[in-house]
Amino acid sequence: MDAIEERKVYRLVLTGGPCGGKTTGQSRLCTFFENLGWKVFRVPETATILLSGGIKFADLVAEEDRSKKKTQETGTTSTGTVSDPKPAVFKDGVPEHSVIDIDKITTCPRCMAAAVGRVGDVYKFQENLLRTMIQIENTYFELGRTSNKNCLIICDRGFMDASAYISKEKWDRMMRSNNWNPVELRDNRYNQIIHMVSAANGAEQFYATEEHSCRSEGVTLARELDYKAASAWIGHPYFDVIDNSTDFENKVNRMIECVCQKLGIDIGDRLSITSRKVKFLVSGPMPADTAFPAFQDFEVVHHYLQCAGPRVQARLRKRGQNGRWSYIHTIRRPQQHGQSIEVRTQLSHRDYLNMLTQQDDAHFTIYKKRRCFLVNNQYFQMDIYKEPSHPRCKGLILLETYTSLTGDKLKAILPKFLNIVKEVTGQPDYSMFNLSLREDWNNTKKFCYSLHGKNACCHRTADSTTTNTNTTSTTTPTIATATATTDTGVDKAGEEDIGATDE
């Protein structure tokens, strides 16, 4: 009974303005806590669920448009007073900031929210949306309470987000008619609120809309939406704003660290600003399981996808335990303004199967067993490559961690029960992209040294050599002292990255 009482159920809302990193942040947060052995539930955005069912704003606002037109013709309101001229919210039935087809708007929660200020069907739709949101969230909250593990529940936006796009008068009326208490629904319902600030506010050079078919806000409007979304949660006792004062990689790390701090989870320096990913070659045979501290094992499958050009990498990842899987789609592009562009999106099983049809036949499917464990408060992830694979992957074991330590201090934190051969951070021979290539490295033009240079993918030079990963070694591991690549592929010391991160 004590063990059940000690289990945690943590209800987190991840919100933010357009292009704030919410999608990638949710994916990274999910992976991080699953690696710690937590159960993670992701509550989908209710607006997206409902709008994807065929609801169209053109239908919802048609009657209101006719009523408004009549009012404008007479110049009076229903109470007989002269109506105040206000900026038009719609243009030809579409929010003015949108340049896309009306049918596609039904996939955009912000387009839906922009219409909430209207009365009639849209008001009723918003009210029903909130009722549905409460029920969906309650379902996940109950599942969390019955889980036999610590449970993180990530809500893709929360109840109060809707208040950002409706007048105070209509919001108060909606609260009264449904007997909703803002204190209960804001302060008590969720343990923590994290707002990811839009790139339009502080990182304008990275603000983009091409990754989202339904996003077309300009920078000015995006800032307004960002401010409204943040203002909706003012008053929550644990409301954290993650701004753009650092690069995107550290922005995501700060978000994860913020959650860990609230939960009292000691993660060492893994997520500090100076922390970077380091990778080591491990020689077999593997120690017995009893040699490890408490660990979690996952089955991981990677598929590389066809891409439009040689400097773009895309892949799918399937990761799971006991037949339960999560799915991630990653697109990686060269640096812009000193940062690599990487977009990670959580997928449904159906979307994953659909995207598998784009698999690149030039690459093997990569199969791994991933073991995650803590040693002296340092978090490690060990990938054990499995067959079928290219012979170069036979017996390959790679160990990764995040740290700001170098030299002897870095060597001191490594697991003593593993036979670590050397550090291979940033070495192209240990890039998963290159390891998965079907062709021999000396004969292929696809071998990738860097996503960022002119010769991103080319023949290997004659002096390129590959370490025999099956050779048992008892030598002290070679530890590089130079700064190594981070998870987004941006080398903080300026050295170019060679391929996608082994997420």
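The face of helix α8 that is turned away from its buried side carries the exposed residues K168, E169, R176 and S177. In this predicted model, α8 comprises residues 168-177, and its buried positions are K170, W171, M174 and M175. Viewed down the helix axis, these buried residues fall within an arc of 140°, and they therefore line one face of α8. Immediately after the helix, N179 adopts a positive phi of about 55°.

Two of the elements discussed here, α8 and α7, contribute to the largest nonpolar core, as set out below. The protein as a whole has 503 residues, of which 52% count as buried, and it contains 14 helices and 16 strands. Among contacts between residues at least 6 apart in sequence, 70% join residues that are at least 24 apart.

The largest nonpolar core consists of 33 residues, and the residues with the most contacts inside it are L130, F159, W171, W180 and Y190. At least two residues of this core come from each of β2 (39-43), α3 (46-51), α7 (121-146), β5 (151-156), α8 and α10 (219-231). The greatest contribution is that of α7, which gives 8 residues. The surroundings of F159 illustrate how this core is assembled from separate parts of the chain: with neighbours within four places in sequence left aside, F159 is in contact with L130, M133, I134, W171, M175, W180, L185, Y190 and W233. Two of these partners, W171 and M175, are among the buried residues of α8. A second core, separate from the one just described, has 23 residues and includes L29, V40, M196 and I256.

Strand β6 (residues 192-196) has 5 of its 5 residues buried, so the strand is largely enclosed by the rest of the structure. Q192, I194 and M196 point one way from β6, whereas I193 and H195 point the other way, and all are buried. M196 is also one of the residues of the second core. Strand β1 (residues 9-16) runs parallel to β6 and is joined to it by 5 bridges. Within this pairing, L12 stands opposite Q192 of β6. Strand β7 (residues 239-242) is likewise parallel to β6, with 4 bridges between them. Here the bridge partner of I193 is F239 in β7.

An antiparallel arrangement is found for strands β9 (residues 295-304) and β10, which pair over 6 bridges. R317, in β10, is the bridge partner of H302. Strand β10 spans residues 313-321, and because 7 of its 9 residues are buried, it is largely enclosed by the rest of the structure.

Helix α2 (residues 22-35) is mostly covered, with 13 of its 14 residues buried. At 1.5 Å a residue, the 14 residues of α2 should span 20 Å, and the C-alpha atoms at its ends are 20 Å apart, which agrees with that expectation. Just after α2, G37 takes a positive phi of about 95°.

C260 belongs to helix α11 (residues 248-263). The C-alpha atoms of C260 and F33 are separated by 9.3 Å, although the two residues are 227 apart along the chain. With neighbours within four places in sequence left aside, C260 is in contact with F32, F33, I265 and I267. C260 has a relative accessibility of 1% and therefore counts as buried. C372 is also buried, with a relative accessible area of 2%.

The structure holds 0 disulfides. For C260, the closest cysteine sulfur is that of C258, at 9.4 Å, which is too far for a bond. The cut-off applied to a pair of cysteine sulfur atoms is 2.5 Å.

Methods: Residues numbered from 1 in each chain as written. Predicted model: local features only at pLDDT ≥ 70, side-chain atom pairs only at ≥ 80, totals over all residues. Heavy atoms only, no water. Buried < 20%, exposed > 50% of the residue type's maximum accessible area, 1.4 Å probe, protein only. Arc of directions from axis to C-beta. Pairing = 2+ DSSP bridges. Expected span 1.5 Å × (residues − 1). Contact = heavy atoms within 4.5 Å. Core = buried A, V, L, I, M, F, W, Y, C linked by side-chain atoms within 4.5 Å.
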